[in-house]
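Visitor: Please give me a close look at a single part of this structure, and then place that part among its surroundings.

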Amino acid sequence: MQRRRFLQSLAAFTAASAAPLAPVFAQSQAESPAPATASKFRLKFAPHIGMFEASAGKDPVDQVRFMADQGFTAFEDNGLMDRSVAVQEGIGKVLRENGMTMGVFVIDAGDNWKVSYATGAKEFADRFVRRCREALDVARRVDAKWMTIVPGFFETKLPLGVQTGHVIDAIRAGAEVFEPHGLAMVMEPLSDTPELFLRTSAQSYEIARAVNSPACKILYDIYHMQRNEGNLIAHIDLSWDEIAYFQIGDVPGRNEPGTGEINYRNVLAHVHGRMRKEGRDFVFGMEHGNSQPGVEGEQRVIQAYREVDVGAGTA
């Protein structure tokens with residue numbers, strides 16, 4: 001399935017199933033009700049287009065404005081490059097007016113979901129570099145710093161080390177586009193299908209070190225990494241120096257925190273502790289569906305993030 005279509009199909013599924021939240025999460029809601037006024041989140045949680053459509057309407061710019069009104073201080077949009085210039089500029093304007101940070105958008109030259117970069121074929125690297133150059137204008141319109149990249153599927157006819165070398169070469173060529181502008185690609189290891197070349201944080205760390213550029217870092221998607229490797233806090237620590245961005249989704253179901261098995265309070269508290277100690281900052285992309293449909297489901301998502309906003313109440 002194309003990545004940009006994932007959340008649309010997931011939203012349709014969750015609307016049909018309307019599965020209830022876990023009892024333990026319902027209990028935490030009762031103990032910690034949402035504030036009467038939408039105070040700003042302390043962590044930079046970043047919703048996406050479609051997450052609050054029932055409350056804000058279909059217009060992407062109105063949705064970003066609604067996010068700001070609910071206290072969110074960041075935003076991400078995988079499909080930003082496919083939106084019109086007018087919409088991109090409108091989103092950028094709302095972000096600036098509300099002091100919000102732009103999170104990731106996806107760079108896809110049409111080769112993310114097939115055998116491509118691992119082959120070493122020049123055509124794939126050339127298309128990737130052209131798409132990186134196109135992304136510069138998009139990033140400027142919304143003040144973006146990070147762009148998600150996915151290096152396609154395994155080429156099973158080649159040894160793994162050779163495939164890795166080919167991927168490093170392609171990503172290094174993209175890094176040369178972004179580095180002079182202070183922008184960064186973030187590689188995302190995924191769990192959608194075993195055919196995907198990039199699977200673990202350790203593999204991503206190896207590639208980031210080999211590319212050796214501030215324009216090539218890791219996107220640590222907690223949902224995917226729980227499925228592929230588990231032991232989340234230990235793996236985050238091992239890859240910490242190369243991680244530039246986090247994304248969130250609970251397992252199973254890929255919905256908001258509190259609907260699955262991941263202890264997001266503990267994971268985010270650990271990340272937040274290291275952030276404060278080392279003077280780092282991250283955006284936490286909310287790359288998941290809503291467990292329940294409609295306005296009520298959207299309010300449940302907001303409440304879930306109030307529950308795990310570990311920076312709240314700290315100096």
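Guide: Contact here means heavy atoms within 4.5 Å. By that criterion serine 239 touches Ser201, Ala202, Tyr205 and Ile218, with residues up to four places away in sequence not counted. The model is a predicted one, in which local features need pLDDT of at least 70 and side-chain atom pairs count only at pLDDT 80 or more, while totals for chains, interfaces and linings use all residues. Residues are numbered from 1 along each chain as its sequence is written, and side-chain values use heavy atoms, with hydrogens and water left out.

The part to look at closely is helix H6, residues 122-142. Helices (H or I, at least four residues) and strands (E, at least two) are DSSP runs numbered from the N terminus. H6 has 21 residues, and the distance from its first C-alpha to its last is 31 Å, close to the expected 30 Å at 1.5 Å a residue; the expected span is 1.5 Å times one less than the number of residues. Its buried residues (under 20% relative accessible area; exposed is over 50%, partly exposed in between, with a 1.4 Å probe and protein chains only) are Phe124, Phe128, Val129, Arg131, Cys132, Ala135, Val138, Ala139, Arg141 and Val142. An α-helix has 3.6 residues a turn, so residues three or four places apart point the same way. The cover over the buried residues of H6 includes helices H5 (85-97) and H7 (160-178), together with strands S3 (101-102), S4 (105-106), S5 (146-149) and S6 (184-187). Just after H6 comes aspartate 143, with a positive phi of about 60°.

H5, one of the elements covering H6, has 13 residues that should span 18 Å at 1.5 Å a residue, and its end C-alpha atoms are indeed 18 Å apart. Buried in H5 are Gln88, Gly90, Ile91, Gly92, Val94 and Leu95. Their cover includes H6 in turn, along with H4, S3 and strand S2 (74-75). Glycine 99 follows H5 and has a positive phi near 65°.

Two packed helices are described by the angle between their axes and the distance between the axes. The axes are lines fitted to C-alpha atoms, for helices over the stretch in contact, and angles run from 0 to 180 degrees between N-to-C directions. For helix H4 (residues 60-69) and H5, the axes come within 9 Å and cross at roughly 15°. H4 is therefore roughly parallel to H5; that term applies to angles under 35 degrees, roughly antiparallel to those over 145, roughly perpendicular to 65 to 115, and oblique to the rest. The contact is made by Pro60, Val61, Val64 and Arg65 of H4 and by Val87, Gly90, Ile91, Val94 and Leu95 of H5. The crossing of H4 past H5 is right-handed, meaning that the near helix is turned clockwise from the far one by less than a right angle, whereas anticlockwise would be left-handed.

H7, which also covers H6, packs against helix H8 (residues 201-211) at about 55°, with the axes 9 Å apart. H7 and H8 are therefore oblique to each other, and H7 passes H8 in a right-handed crossing. On the H7 side Thr164, Val167, Ile168, Ile171, Arg172 and Ala175 meet Ile207, Ala210 and Val211 of H8. In the loop between H8 and strand S7 (216-221) is asparagine 212, whose phi is positive, near 60°. Asparagine 212 is exposed, at 65% relative accessible area.

Serine 239 belongs to helix H10 (residues 232-239). Serine 239 is buried, with a relative accessible area of 3%.

Most residues other than glycine have a negative phi, and most peptide bonds are trans. The loop between strand S8 (243-247) and helix H11 (264-278) contains proline 252, which a cis peptide bond with omega about -5° joins to valine 251. Arginine 254 also sits in the loop between S8 and H11 and has a positive phi of about 55°. Arginine 254 is buried, with a relative accessible area of 2%.

For the whole picture, the protein chain has twelve helices and nine strands. Of its 315 residues, 55% count as buried. Among contacts with a separation of 6 or more, 79% come from residues 24 or more positions apart.
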